Amino acid sequence: MKEEKSTFTVRSYTKSELAHLYNPQLTLKNATQVLRRWILHNAELHAELMHLGYQDRNRIFTPRQVKVIVDYLGEP
């Protein structure tokens, strides 16, 4: 069985950029709204992000926050 190499890199992403990676078929605005809902409805993910300094009004995710999101939601 052949292993696939991941092309996703954990780094700083704008909220809309990361959201669009998860939902490329949606507009940036709608993709961002969906990602925001996913975060709010996953209490553990939301709590961990809050611990790392996340606030809803932030426009950029830090690499640590991106890693947490990927741990919960999987790679986009």
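## First look

A residue counts as buried when its relative accessible area is under 20%. By that yardstick, 29% of the 76 residues of this chain are buried. Keep in mind that what you're looking at is a predicted model.

The chain has four helices and two strands. Walk along the sequence and you meet them in the pattern β-α-α-α-β-α. The radius of gyration is 12 Å, close to the 11 Å that the globule rule gives for 76 residues, so the chain is as compact as a globular protein of that length. Along the principal axes, the C-alpha atoms fill a box of roughly 40 × 30 × 20 Å.

Two more overall numbers help set the scene. Take the contacts with a separation of 6 or more: 54% of them come from residues 24 or more positions apart. As for the outside, the accessible surface comes to about 5500 Å², and 52% of that belongs to carbon and sulfur atoms.

## The nonpolar core

In soluble globular proteins, nonpolar side chains tend to be buried together. Here, the largest nonpolar core has 16 residues, and the ones touching the most other members are Leu-18, Leu-35, Ile-39, Leu-49, Phe-61, Val-66 and Ile-69. Helices H1 (15-22), H2 (28-41), H3 (43-51) and H4 (63-73) are the elements that each give two or more residues to this core. Which of them gives the most? That's H4, with four residues.

Leu-49 is a handy place to zoom in. Leaving out residues up to four places away in sequence, Leu-49 touches Ile-39, Tyr-54, Gln-65, Val-68 and Ile-69.

## Helix H4 and its neighbours

Which residues of H4 are buried? They are Gln-65, Val-66, Val-68, Ile-69 and Val-70. What do these buried residues pack against? Their partners are strand E1 (13-14), H1, H2, H3 and strand E2 (60-61). Just past the end of H4, Gly-74 takes a positive phi of about 85°.

## Rings and a charge

Now for the aromatic rings, which form three pairs in this model. One of them is Tyr-22 with Trp-38, an edge-to-face pair at 6.0 Å centre to centre, with 85° between the planes. This pair links distant parts of the chain, as Tyr-22 is in helix H1 and Trp-38 is in helix H2, 16 residues apart. Tyr-22 counts as buried because its relative accessibility is 14%, while Trp-38, at 33%, counts as partly exposed.

Tyr-54 and Phe-61 make another pair. Their ring centres lie 5.7 Å apart and their planes are at 15°, so this one is stacked. Both residues of the Tyr-54 and Phe-61 pair are buried. You've met these two already: Tyr-54 is among the residues Leu-49 touches, and Phe-61 is one of the core residues that touch the most other members.

There's also a charged residue sitting over a ring: Arg-11 lies over the face of Tyr-13, at 4.0 Å from the ring centre.

## A buried threonine

One last stop is Thr-32, in helix H2. Is Thr-32 buried or exposed? Its relative accessibility is 18%, and the cut-off for buried is under 20%, so Thr-32 counts as buried. What does Thr-32 touch, not counting residues up to four places away in sequence? The answer is Lys-15, Ser-16 and Ala-19. Lys-15, Ser-16 and Ala-19 sit within the 15-22 stretch that makes up helix H1.

Terms used: Residues numbered from 1 in each chain as written. Predicted model: local features only at pLDDT ≥ 70, side-chain atom pairs only at ≥ 80, totals over all residues. Heavy atoms only, no water. Core = buried A, V, L, I, M, F, W, Y, C linked by side-chain atoms within 4.5 Å. Buried < 20%, exposed > 50% of the residue type's maximum accessible area, 1.4 Å probe, protein only. Contact = heavy atoms within 4.5 Å. Phe/Tyr/Trp six-rings, centres within 6.5 Å; stacked < 30°, edge-to-face > 60°. Lys NZ or Arg CZ within 6 Å of the ring centre and 35° of its normal. Rg over C-alpha atoms; globule rule 2.2 N^0.38 Å. Areas by Shrake-Rupley, 256 points an atom, 1.4 Å probe, with all protein chains shown as cover.
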